[in-house]
Amino acid sequence: MSFPSILFLSAFLPLTAALYYLARGLRARNLLLAAAGLVFYAFGRLADLPILLSSVLVHYLAGRLLLRLTRGRRAVVVVTAALDLGLLIFYKYLSFFLPFAGLTARTLPLGISFFTFQGISYVVDAYRDRDAASRRFFPVLQYLAFFPNLVSGPLQKFRDFRSRLTARRTSPQDITVSLRRFTVGLAKKLIVAGTLGAAADAVFALAPGEVDIRSAWLGALCYALQIYFDFSGYSDMAVGVAGLFGFPLPENFRYPYRAASITDFWRRWHMSLSGWFRDYLYIPLGGSRRGRGRAMLNKGVVFLATGLWHGASWTFVLWGLWHGLFAILETAAPSLRKRAEGRWWGHGYALLAVVLGFVLFRAESVGQAVRIVSQMFAGFHLTQATTFLLQAVLSRKVLAVFILACVLSLGAAPWLARRLGNWKKLENAQMAGTLLLLLLSLLALAGGSFQPFIYQQF
């Protein structure tokens with residue numbers, strides 16, 4: 001089941017919300033949300049439900065052991081993390097090679113990268129602080145099976161989640177804000193990402209000799225905007241749905257295309273994953289405490305792991321190393337990075353590096369990525385195939401959405417809100433805008449143009 005689906009919008013979410021607010025007491029409401037998480041996951045992929053439940057059981061038992069033991073606690077963490085990483089390696093890497101052995105590769109279990117990483121954070125935090133573990137099974141189940149962020153995050157820590165299990169309230173204003181946030185995310189996905197994704201797909205489907213400088217830049221820019229609005233749209237919907245039930249989720253994006261460096265970009269892009277790698281890999285490796293050289297090495301390891309986390313493809317590995325290279329260079333020359341921040345050329349450098357990296361991320365192979373990037377700078381021999389593609393793809397709708405996406409991705413919405421200030425009619429305008437976005441999103445959904453979330457495959 002996906003957020004932008006008729007089943008979720010017309011049945012699952014309204015029914016869950018209605019039963020939630022009819023239920024009396026937090027205990028009944030918590031039980032309902034736990035059951036809703038399992039039903040949500042079962043509708044997404046019933047065959048993988050035992051994997052999710054097994055993960056919940058393993059992390060719960062590991063937490064109980066960490067509460068009881070005084071010696072051997074580190075071994076519990078190592079064994080649990082090894083099981084988690086082994087599961088990811090099997091599904092993301094070993095299954096990739098199964099066809100070469102004459103076996104059938106398995107589809108990646110839904111949300112495995114996210115609930116596994118949350119499980120690791122739960123066990124590591126319990127090792128560091130006994131108060132971060134739960135003696136009861138149910139809170140761990142609800143934490144790992146919480147349906148708003150089960151499939152694609154944002155990642156959150158158990159201690160932040162548990163505090164809401166025993167005390168939370170939602171006001172009418174909270175519900176209004178949450179519904180508005182969800183609707184904005186729905187529009188990001190269906191209207192912006194859906195429209196630009198079709199253009200990007202058309203470019204990446206061209207034969208090697210058909211790409212020229214026009215189609216290369218069109219594909220690169222459309223995909224960079226598509227993945228941002230696709231993933232930030234999912235995050236907005238997740239935050240909105242969780243807010244309906246009184247659970248705040250961490251923000252995942254903060255206008256990353258305004259970044260003035262790659263370091264700054266990763267403070268703004270997929271922030272919950274960046275924070276996870278910082279807390280559970282970069283800092284344990286020593287962070288920046290052992291000198292600049294060690295910090296550079298640690299960043300290289302983190303970005304390699306980031307690429308590997310996305311899957312068994314050289315394109316993902318090289319994409320991670322591409323970002324790691326710039327992060328290392330910025331660490332080696334901190335004064336230059338500081339001078340770049342706030343200046344146009346710093347923003348230009350970061351944006352160019354990110355766009356080129358996303359070509360590698362999107363390409364079917366390293367060879368295709370190299371060809372498209374080379375054509376972005378040397379494809380002056382214009383092809384007839386690109387001319388036909390531009391005529392077919394660049395409609396007024398696509399151009400309008402492209403321009404709107406560029407403006408919104410750079411932070412036009414909060415700027416406009418600040419300019420309007422305490423305008424008396426702002427609330428009415430927001431309500432009208434929300435209803436319009438909902439209508440346009442439903443029309444796009446009815447048109448059958450929906451594609452799965454990009455990060456759902458990870």
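**Notebook: salt bridges, helix H9 and a nonpolar patch**

I began with lysine 157 and aspartate 279, whose side chains meet in a salt bridge, 3.2 Å from N to O. This pair links distant parts of the chain, 122 residues apart. I located lysine 157 in the loop between helix H6 (137–144) and helix H7 (158–166), and aspartate 279 in helix H11 (residues 271–282). I note that the model is a predicted one.

Next I looked up how far each partner is covered. Lysine 157 counts as partly exposed because its relative accessibility is 25%. Aspartate 279 has a relative accessibility of 13%, so I recorded this residue as buried.

I then asked which further residue forms a salt bridge with aspartate 279. I found arginine 278, with the closest N and O atoms 2.9 Å apart. Arginine 278 is partly exposed, at a relative accessible area of 44%.

**Other salt bridges**

I searched the whole structure and obtained 12 salt bridges. One of them joins the side chains of aspartate 236 and arginine 181, at 2.8 Å from N to O. Aspartate 236 lies in helix H9 and arginine 181 in helix H8 (residues 172–204), so this pair ties together parts that are 55 residues apart in sequence. I entered aspartate 236 as buried, with a relative accessible area of 8%, and arginine 181 as partly exposed, at 25% relative accessibility. I also noted that Arg181, Lys188, Asp236 and Glu251 are joined into one network by salt bridges that share partners.

**Helix H9**

I turned to the helix that holds aspartate 236. Helix H9 covers residues 213–244, 32 residues in total. From its first C-alpha to its last I read a reach of 46 Å, close to the 46 Å expected at 1.5 Å a residue. Is H9 largely enclosed by the rest of the structure or largely open? I recorded H9 as largely enclosed, because 28 of its 32 residues are buried. After H9 comes glycine 246, and I noted its positive phi, near 85 degrees.

**Nonpolar patch**

Lastly, I examined a nonpolar patch on the surface, formed by Leu304, Leu308, Trp314, Leu318 and Leu321. Together these residues have about 450 Å² of accessible area. I asked which helices each supply at least two residues of the patch. They are helix H12 (292–310) and helix H13 (314–332). H13 gives the most, with three residues. Leucine 304 has its place in helix H12, and I entered leucine 304 as partly exposed because its relative accessibility is 33%.

Technical notes. Residues numbered from 1 in each chain as written. Predicted model: local features only at pLDDT ≥ 70, side-chain atom pairs only at ≥ 80, totals over all residues. Heavy atoms only, no water. Patch = residues over 30% accessible without salt bridge, like charges linked within 9 Å, V, L, I, M, F, W, Y side chains within 5 Å. Areas by Shrake-Rupley, 256 points an atom, 1.4 Å probe, with all protein chains shown as cover. Salt bridge = Lys/Arg side-chain N within 4 Å of Asp/Glu carboxyl O. Helix = DSSP H or I, 4+ residues; strand = E, 2+ residues; numbered from the N terminus. Buried < 20%, exposed > 50% of the residue type's maximum accessible area, 1.4 Å probe, protein only. Expected span 1.5 Å × (residues − 1).
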